[in-house]
Amino acid sequence: MALGDLDGKVALITGGAGGIGQALTRAFVAHGMRVGICDVRPDGAEALARELGSERALAITADVADPAACAQAVDAVAARFGALHVLVNNAGLGMSLVRRDHMDGKTRIEDVSIEQWQQFFATNASGAFFMAKAAVPRFRRQRWGRIINVTTSFFSMLRGGFAPYGPAKAALEAWSAGLAKELAGSGITVNVVVPGGPADTPMVPVESFPDRDALVRPERMAPPMIYLCREAGGAVTGRRFVAAHWDPALPDEAAAQAAGAPIGWPDLAQNPVWPGGRPKDG
Ligand SMILES: NC(=O)c1ccc[n+]([C@@H]2O[C@H](COP(=O)([O-])OP(=O)(O)OC[C@H]3O[C@@H](n4cnc5c(N)ncnc54)[C@H](O)[C@@H]3O)[C@@H](O)[C@H]2O)c1
């Protein structure tokens, strides 16, 4: 177990009872961190917290689509562990909510209800904003904070039959790029981590991918996030890491170089037609 500069750091992980959330929670605790496991489903978070022990884990039932619940979740973690250092916005709804066979690309606009569109944007995009809105004042006061947003592959964002999941994740990706710039120099970093392909979690239907060994292991999400949480990770912001490309055999810096790129699509943002030339803060 590697402790060092992560020992005692406090994280809040949304969607903490899910496939990736559980893997992250276990990895963070194994590195000496304390974790608020936030999920809309109480059972999984409570069982995991019981297993890891109350010194290290706290289950919080909260719907990230509810701004008041997000503020309460942040306060509850800080009250229990005395601080908050890391926010991982990992909660998400998957396309199975719309169609179980969505991986076959069959979903059409007629399949998506207005309520589902709103629910996906509320959870997969707005939820991260609500959580960050609650956490950033604390991070600013301590001049130390890590925000890590879980989006998805660009392929899924742009794929036909993948709305509202893809577009909501694209919104989260774009906002992450802007927030990283807004918070530059504050001691608060903002980065994105994605699996890199379908991962072996409940979100990905067994019928679509019966060979689970061919999928990305949820545990692979942990090494890039652990790297970002370290003191040295404070120098890294506005980056997007593909977990499946992270080679744990390499030193962190080399793995980060190979698996990382700027958040979003900055190459497409270079030439706005702008009176007086491109703004410097873009
Ligand atoms: N599994 C994949 O292939 C894959 C690929 C790319 C990105 N992702 C992203 O990774 C993240 C984790 O997904 P996963 O694969 O572990 O799925 P999962 O379904 O196992 O876990 C998602 C968790 O989020 C929780 N959740 C859903 N709505 C919530 C809400 N409103 N408030 C609080 N919690 C809520 C669920 O209860 C669940 O525990 C998601 O954001 C997902 O979009 C997953």
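**Entry 1: the cavity**

I began with the largest cavity in this predicted model, and I listed its lining: Thr14, Val64, Asn89, Ala91, Thr123, Asn124, Gly127, Ala128, Val150, Lys169 and Leu172. About 40 Å³ of space lies inside the largest cavity. I also checked how many cavities reach 30 Å³ or more, and the count is one.

Which helix gives the largest share of this lining? I found that α4 does, with four residues. Helices α4 and α6 each supply at least two residues of the lining.

**Entry 2: the pocket**

Next I turned to the largest pocket, whose volume is about 1100 Å³. I counted 45 lining residues, and the ones nearest the centre are Gly92, Leu93, Gly94, Thr201 and Met203.

I then asked which elements contribute to the lining of this pocket. At least two residues each come from α1 (19-30), β2, α4 (114-142), α5 (154-158) and α6 (165-182). The largest share is that of α1, with three residues.

**Entry 3: the sheet**

I followed the strands across and found eight of them in an open sheet, ordered β3-β2-β1-β4-β5-β6-β7-β8, with mixed pairing. At the edges sit β3 (57-61) and β8, each of which pairs on one side only. From one strand to the next, the twist averages 20°.

Helix α2 (residues 42-52) packs on this sheet, where I saw it touch β2 (34-39) and β3. The direction of α2 makes about 170° with that of β3. I looked at α7 as well: it lies across β4 (86-89), β5, β6 and β7, and it runs at about 155° to β5.

**Entry 4: strand β5**

I wanted a closer look at β5, so I started with its neighbours. Strand β5 (residues 145-149) is joined to β6 (residues 188-194) by five bridges, and the two run parallel. Within that pairing, Gly145 has Ile188 of β6 as its bridge partner. Towards β4 I found four bridges, and β4 and β5 also run parallel. Here Asn89 stands opposite Asn149 of β5. I had met Asn89 before, in the lining of the largest cavity.

Are the residues of β5 buried or exposed? Five of the five are buried, so β5 is largely enclosed by the rest of the structure. I noted the directions too: Gly145, Ile147 and Asn149 point one way from β5, while Arg146 and Ile148 point the other way.

**Entry 5: helix α8**

My last stop was α8 (residues 252-259), where I found Ala255, Ala256 and Ala259 buried. Why do I say that they line one face? Seen down the axis of α8, the buried residues fall within an arc of 100°, so they line one face of the helix. A reminder to myself: an α-helix has 3.6 residues a turn, so residues three or four places apart point the same way.

What covers this buried side? The cover includes α7 (222-229), β7 (239-242) and β8 (260-262). On the face of α8 turned away from the buried side, I noted the exposed residues Glu253, Gln257 and Ala258.

Two elements here link back to my sheet entry. Strand β8, part of the cover of α8, is one of the edge strands. Helix α7, also part of that cover, is the helix I saw lying across β4, β5, β6 and β7.

Note on methods. Residues numbered from 1 in each chain as written. Predicted model: local features only at pLDDT ≥ 70, side-chain atom pairs only at ≥ 80, totals over all residues. Heavy atoms only, no water. Buried < 20%, exposed > 50% of the residue type's maximum accessible area, 1.4 Å probe, protein only. Arc of directions from axis to C-beta. Contact = heavy atoms within 4.5 Å. Pairing = 2+ DSSP bridges. Axes fitted to C-alpha atoms, helices over the stretch in contact; angles between N-to-C directions. 1 Å grid on protein atoms, 1.4 Å probe; cavity = no way out; pocket = protein on both sides within 12 Å on 5 of 7 lines; lining within 4 Å. Points joined across faces, edges and corners; volume = space filled by probe spheres on them.
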